[in-house]
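Here's a quick briefing on how this chain is put together, from strand pairing to charged pairs and one polar side chain. Have a look at the structure first, then read on.

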Amino acid sequence: MKKSLPIIFFLLFITGAIFAQSPVTGIIKGANGAKIPHATVKIRGTNTAVVADENGAFSINAKQELPFYIQVSSVGYKPQDFQIIKLQDTPIELVLVESDLLDEIVVTSRRRSEVLQDVPIPITVIGGQAAENSGAFNVNRLKELVPSVQLYASNARNTTLNIRGLGSTFGLTNDGIDPGVGFYVDGVYHARPAATSTDFLDIEQIEVIRGPQGTLFGKNTTAGAFNITTTKPTQTPSAKVELSVGNYNFLQAKTSVSGGLAKNLAAKISISGTQRDGTIWNTREERKYSGQNNLGFKSQLYYTPSDRLKILLSGDVSVQHPAGYPLVIAGVATTERSAYRQYAKIVSDLGYQQPKIDPFSREINTNTPWRHNQSIGGISLNVDYKIGNGTLTSTTAWRFWNWDPTNDRDFSELAALTKSQGNSRHDQYSQEVRYAGNITDKLSGVVGVFALAQNLKGLAQTEEVGKDQWRFVQTSNTGSQALYSTPGLLDGYGIKTNSTIKSLSAAVFAQVDWEFLTHFHVLPGLRYTYDKKDVDYDRVTYGGLQTNDAALLALKAAVYSNQQFTTSVDNNNLSGNLTVSYRPNANLNVYGTFSTAYKPVGVNVGGLPTTSTGAADLSVAVVKPEYVQHYELGLKTRPVRGGLLNVTAFDTDIKDYQTNVQSPQLGVNRGYLANAEKVNVKGLEIDGTYQLERFLTLNAAVAYLDGKYVKFTNAPLPLEETGHTEIINGTATQVAFKDASGGRLPGISKWNISGGSEFSLPGTLATKAGRFFIAADASYRSDYSSNPTPSNVLVVKGYGLFNARLGFKSDKFSVFVWSRNIGNRNYFEQLQAAAGNSGLYAGVLGDPRTFGATLRYAFSN
């Protein structure tokens with residue numbers, strides 16, 4: 001044994017010497033042959049790594065038995081593994097592919113992977129990292145990057161997500177209507193608009209698809225879709241962390257850990273938390289509102305037993321307990337009611353001071369706490385199985401949404417409309433099965449079936465008034481209704497509503513792409529949809545003065561009354577599209593589209609207006625479906641290397657447009673749904689990008705939108721015309737509606753512009769090779785109506801925003817400082833009349849200037 005030891009030590013020495021003297025040398029290049037400086041080269045499975053020099057050259061001691069892998073990465077390029085089978089004396093050439101070549105962006109909007117410019121659909125693509133860098137950590141901030149997107153929210157529930165001004169009713173949300181913009185995450189349809197308020201988690205790419213989509217996606221949508229994909233778990237162990245801090249005590253932390261659990265089975269866990277102080281000060285409560293308090297969790301299991309079969313099991317939950325989202329008093333308008341019923345006179349008679357009209361002081365004086373708590377999440381199972389030249393996909397999902405708010409709906413210190421609580425619980429179950437792929441060399445397509453079941457409950461949704469409400473509800477022009485001031489008559493008087501909407505939507509859809517002549521493609525699509533809704537609505541009054549006096553009871557009933565109805569409605573629809581595309585080469589794609597679409601029947605569960613007898617007007621309990629005819633011409637080009645320029649013109653007609661009506665009756669405070677006979681939206685969109693090597697990236701987009709009511713003969717009066725009288729049959733009669741035909745649609749700016757740039761240079765920070773960068777983006781929206789019927793008062797003025805960031809990024813490490821709304825521009829996102837239309841109106845404020853810093857770091861073997 002003693003004789004053997006020297007031999008063993010000698011062999012170990014020789015082996016170590018051999019490993020030590022067997023370096024791998026090489027040069028890192030790009031696909032264009034240019035040398036890539038400062039790339040990171042690492043022996044896979046070890047901590048051995050080096051950084052290439054200015055000329056892309058490297059030398060690394062392997063100390064590994066052949067064969068082994070080296071990993072090469074550099075900012076702006078896709079990380080890649082190279083297998084070393086044998087050692088050689090001459091340097092090896094390793095080629096990296098740029099990760100974000102503008103003309104090679106791949107999308108899945110047609111349910112298969114395709115190059116963006118080849119798809120005859122107007123699509124804007126935002127990479128997950130690009131969205132995070134711009135500060136867009138949820139959908140709300142994407143509207144600054146995509147001009148055709150409009151998102152308005154007074155809270156998570158009352159969210160309007162529109163594309164080209166179409167999609168959902170503007171203003172207060174009514175649970176009885178379906179969204180017109182589809183929202184998909186990893187193929188799963190999210191039915192409630194509150195999903196747009198949650199923080200992004202591990203986003204890989206966001207595709208914003210414009211125009212009706214019914215022959216490619218499960219749920220029929222009349223205005224477009226958001227198709228969001230997240231990064232999948234990897235077998236290679238990896239992790240990343242991100243920490244951001246900023247003013248208003250902003251703190252956001254994200255982490256993600258991924259790795260293999262067993263052969264062909266990988267897992268990932270991601271967590272995100274966001275906190276920020278409020279930006280609105282309540283002088284009465286001495287506390288801040290409009291803050292953030294979000295926590296998100298997402299986990300995934302990814303099983304890939306073969307190249308043909310991939311199974312992804314995902315679960316996520318997001319919990320939000322923000323410090324409320326109050327509206328601030330924006331102004332007081334003079335209505336056409338008598339002097340006795342003007343807001344200033346009412347407030348004076350009640351003994352209060354006139355409200356402070358200084359919205360951008362960011363102060364409120366409400367006496368009911370604001371609470372907007374929600375939890376949202378679900379589980380999904382995606383199965384992809386390759387069959388022939390295509391893939392069979394099954395997506396099964398369950399999702400939930402819980403909403404628990406409190407709002408002060410008189411927006412003031414008055415004890416008028418003291419409480420508004422639209423508690424909701426929602427469950428949805430969805431199943432989609434589709435097959436997408438190539439049938440022949442000239443024919444490809446997708447065919448699928450989809451089913452969505454929803455159970456949406458309103459649980460004891462509450463509206464309550466206080467001791468001051470008596471002065472607001474008098475309909476007499478002179479104050480002759482003295483009984484309204486009876487002590488305690490309306491104190492604590494309110495309604496509790498329990499409602500249930502059980503809905504089912506089922507569809508069969510298909511679309512093909514046939515190259516019937518060289519470079520000429522025809523793309524017909526067809527969809528059959530069946531929708532059914534069963535509604536149970538029950539509203540009961542409570543509180544106030546308990547009396548048997550018929551006159552007093554009549555006054556109470558004029559404010560709030562019991563309402564109850566049940567209904568079951570269903571309808572079916574056959575819609576489709578036809579696209580013709582000409583693609584003579586990789587630099588040009590010209591296409592034209594005609595499509596039809598529809599939005600299902602709606603139901604009113606936010607309170608019904610009453611008839612002259614005081615009974616609920618059941619004629620408006622059900623709202624007719626929308627029917628869409630859409631025309632579009634598009635041009636996608638690559639005018640120069642590294643550049644894209646796309647142009648789209650469109651014209652959309654909608655029959656029986658579903659709109660929200662804000663009624664002066666208190667009992668329909670959230671508004672009720674109605675149909676406008678016909679609307680039209682037409683416009684022109686131009687967007688372009690240019691990338692000069694790795695140094696400079698430019699992007700710009702402009703959208704011109706013209707949206708009008710072609711015919712809306714029974715529109716609600718705007719705030720300033722409340723109390724309007726007309727001579728009918730020789731008698732002066734007060735009216736509540738007008739002909740708004742020709743008026744502009746709410747929420748649509750005629751001009752929407754965005755643009756951005758990034759300039760970077762290679763460099764090294766703390767021994768890390770990467771690039772120093774400076775980037776900025778700007779957006780502008782011209783004024784838009786903030787009321788279902790055009791109003792001279794409720795118009796949001798146009799505004800522009802400017803954001804910037806400066807820092808350093810490498811493949812594993814990034815640090816930068818940022819600022820949003822650098823100019824500290826004061827602007828409204830929405831204006832809204834207070835319940836009762838007495839003249840007061842309030843606004844949703846945009847964020848003030850924010851700034852901070854972000855640090856990211858990634859770990860991997």
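**Strands, salt bridges and one threonine**

One open sheet has five strands in the order β10-β15-β16-β13-β14, with mixed pairing. At its edges sit β10 (123–127) and β14 (188–189), each with a single partner strand, so one side of each is left without a neighbour in the sheet. Bear in mind that this is a predicted model: local features need pLDDT of at least 70, side-chain atom pairs count only at pLDDT 80 or more, and totals for chains, interfaces and linings use all residues. Residues are numbered from 1 along each chain as its sequence is written, and side-chain values use heavy atoms, with hydrogens and water left out.

**Strand pairing**

- Strands here are DSSP runs (E, at least two residues), numbered from the N terminus, and two of them pair if DSSP finds at least two bridges between them.
- Back in the five-strand sheet, β13 (residues 181–185) and β16 (residues 224–230) run parallel and are joined by five bridges.
- Look for F183 there: its bridge partner in β16 is F226.
- Further along, β32 (residues 520–542) and β33 (residues 563–585) run antiparallel, with 20 bridges joining them.
- K533 is a handy marker for that pairing, as it stands opposite V569 in β33.
- β33 also pairs with β34 (residues 588–599), again antiparallel, through seven bridges.
- β33 and β34 make a hairpin with two residues between them, and N585 stands opposite L588 in β34.

**Salt bridges**

- Side chains of opposite charge can pair when their charged atoms come close.
- Searching the whole structure turns up 29 salt bridges, each being a side-chain nitrogen of Lys or Arg within 4 Å of a carboxyl oxygen of Asp or Glu.
- One of them pairs D656 with K624, with the closest N and O atoms 3.6 Å apart.
- That pair links distant parts of the chain: D656 is in strand β38 (residues 643–661) and K624 in the loop between β36 (622–623) and β37 (626–637), 32 residues apart.
- D656 counts as buried at 10% relative accessibility, while K624 is partly exposed at 46%; buried means under 20% relative accessible area, exposed over 50%, and partly exposed in between (1.4 Å probe, protein chains only).
- D706 and K750 form another salt bridge, their closest N and O atoms being 3.1 Å apart.
- Here D706 comes from strand β40 (residues 696–711) and K750 from the loop between β44 (737–738) and β45 (751–765), 44 residues apart.
- D706 is buried, with a relative accessible area of 10%, and K750 is partly exposed at 34%.
- R805 forms a salt bridge with D777, the closest N and O atoms being 3.4 Å apart.
- R805 lies in strand β49 (residues 799–809) and D777 in strand β46 (residues 768–781), so the pair ties together parts that are 28 residues apart in sequence.
- Both R805 and D777 are buried.
- There's also a salt-bridge network linking R164, R210, E632, E685 and D687.

**Around T215**

- You'll find T215 in the loop between β15 (203–210) and β16, where T215 is buried with a relative accessible area of 6%.
- The T215 side chain makes a polar contact of 2.6 Å with the side chain of Q511 and one of 2.8 Å with the side chain of N577.
- A polar contact is a pair of N or O atoms within 3.5 Å; within protein, one must be able to donate a hydrogen and the other to accept it, and residues adjacent in sequence count only if both atoms are side-chain atoms.
- Leaving out residues up to four places away in sequence, T215 touches (heavy atoms within 4.5 Å) several residues, including V446, F509, G525 and L526.

Notes:
Helices (H or I, at least four residues) and strands (E, at least two) are DSSP runs, numbered from the N terminus.
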